[in-house]
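Me: Please take a close look at one helix of this model and the packing around it. After that, go on to the charged pairs and the cysteines.

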Amino acid sequence: MNPNFDIIIVGGGAGGFFTAINCAEKNPKLKIAILERGKEVLTKVRISGGGRCNVTHACFVPNELVKFYPRGEKELRGPFHQFCSGDTIEWFEKHGVELKIEDDGRMFPVSNSSQTIIDCFTTATKKLGIQVLTGQSVQSIYKSETSEESFWKIETQNQQYYCEKLVLATGSNPKMWDTLQEFGHSIVSPVPSLFTFNIKDPRIKELPGVSAQVSVKVKDTKLTSTGPLLVTHWGMSGPAILKLSAWGARILFEKNYQFTIFVNWLNDIDTEEAESTLKELKLDHSKKAVSKKSPFDFPNRLWESLVLASGISEETKWADLSKNQLQNLANQLTKAQFQVNGKSTFKEEFVTAGGIELKEINFKTMESKIHPNLFFAGEITNIDAITGGFNFQNAWTSGFIVANAITQ
């Protein structure tokens, strides 16, 4: 095996494969290798979206798409003008994979199987002659520069490789970040993003599986979020919570995941408006029991729990509600306080906030500003998104831009 390549891509994930395939398609003469430390490639693609692979999101305007990235919003605007969600759909269609849009905007292969994406990538690498080398854990990287030439030397546990251009697509990899720091790059320290909240509270103890459209705020911060909230056995999850965890990744880390949230179960109805509605209900339904049926657009079980938490018994009729009980209920509905004690990973889709300092990257080419011929694709940079196909879109876009830059 000749260990000399034009391009070596470290990382056999989504960003690595997409970069390699696009490089080879733009210039078939290039000798390209993907080095993967594990025994298998594309493992994150396999488990993504519950095994269906959430390829991208049906948001086709770059200036709108960037708003789903807590870190990288400003930097991705230019790249998304080069390669956006619509380009992703077209690319996969050209490679025999049709995508479909679900009600929430997430996009999956029509087959509903991540294996379709894996097969697409592995077939393309074979057809294009890209060498995919597994079990190649990078131990060290060296740069050799003379007046005549410049090349990279990559040492794995059992081999040495040389290349002119090096692409790092290793995702959230502390070892690779340490190596990059030795090369003079700054690394924003990694903290978890996209996690659920651990909450033990009698109001939600018996409600796993219940969901509602809410707004949530973290006490003593500017962090707010709206969307569906799902009650779980361990606390709270759902898009509203996951968004909050993504935008608040650093703040919540600093709080050691011990903090208070306010949940407005009525979403955009404030306390005063809720109290006014409750007063009307008191007049209109005077003989009915308060706890029996939710007058608002959320589950009866949740309503019953909030009624009891307001000091109102199951038998209490609307006519018998005291002013104090009515106010308590309005508060429980619109600004219920919950104490968060810790976090849980959201499924297998662990996302990290942190990585290469964005100021050190040229986003027109995804090339290092410190070392020429060193490129980055995917989550190795300090870019991350909320759930919904956005992290993969960053991988496709950055990989496409790297390929464009290398093959120009």
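Reply: This is a predicted model. In it, the buried residues of α4 pack against two other helices, α3 (62–65) and α13 (390–407). Helix α4 covers residues 73–82, and its buried residues are L76, P79 and F80. Seen down the axis of α4, these buried residues fall within an arc of 100 degrees, so they line one face of the helix. The other side of α4 carries K74 and H81, which are exposed. Helix α4 thus has a buried face with L76, P79 and F80, and an opposite side where K74 and H81 are exposed.

Next, the charged pairs. The structure holds 14 salt bridges. One of them lies within a helix: the side chains of K279 and E275 meet at 4.0 Å, N to O. Both residues belong to helix α10 (residues 271–284), where they sit 4 residues apart, about one turn of the helix. The two partners fall into separate accessibility classes: K279 counts as partly exposed because its relative accessibility is 47%, while E275, at 17%, counts as buried. Elsewhere, salt bridges that share partners join R52, K100, E102, D104 and R106 into one network.

Two further pairs can be described in the same terms. The side chains of K143 and E145 form a salt bridge with an N to O distance of 3.8 Å. E145 has a relative accessibility of 55%, so this residue counts as exposed. In the salt bridge between K153 and E155, the N to O distance is 3.3 Å. K153 has a relative accessibility of 21% and therefore counts as partly exposed.

The cysteines come last. A search of the whole structure finds 0 disulfides. C120 is in no disulfide, and the nearest cysteine sulfur, that of C53, is 10 Å away. C120 counts as buried because its relative accessibility is 9%. For C163, the closest cysteine sulfur is in C23, at 12 Å, which is too far for a bond. The cut-off for a disulfide is a pair of cysteine sulfur atoms within 2.5 Å. C163 also counts as buried, with a relative accessibility of 2%.

How values were computed: Residues numbered from 1 in each chain as written. Predicted model: local features only at pLDDT ≥ 70, side-chain atom pairs only at ≥ 80, totals over all residues. Heavy atoms only, no water. Buried < 20%, exposed > 50% of the residue type's maximum accessible area, 1.4 Å probe, protein only. Arc of directions from axis to C-beta. Contact = heavy atoms within 4.5 Å.
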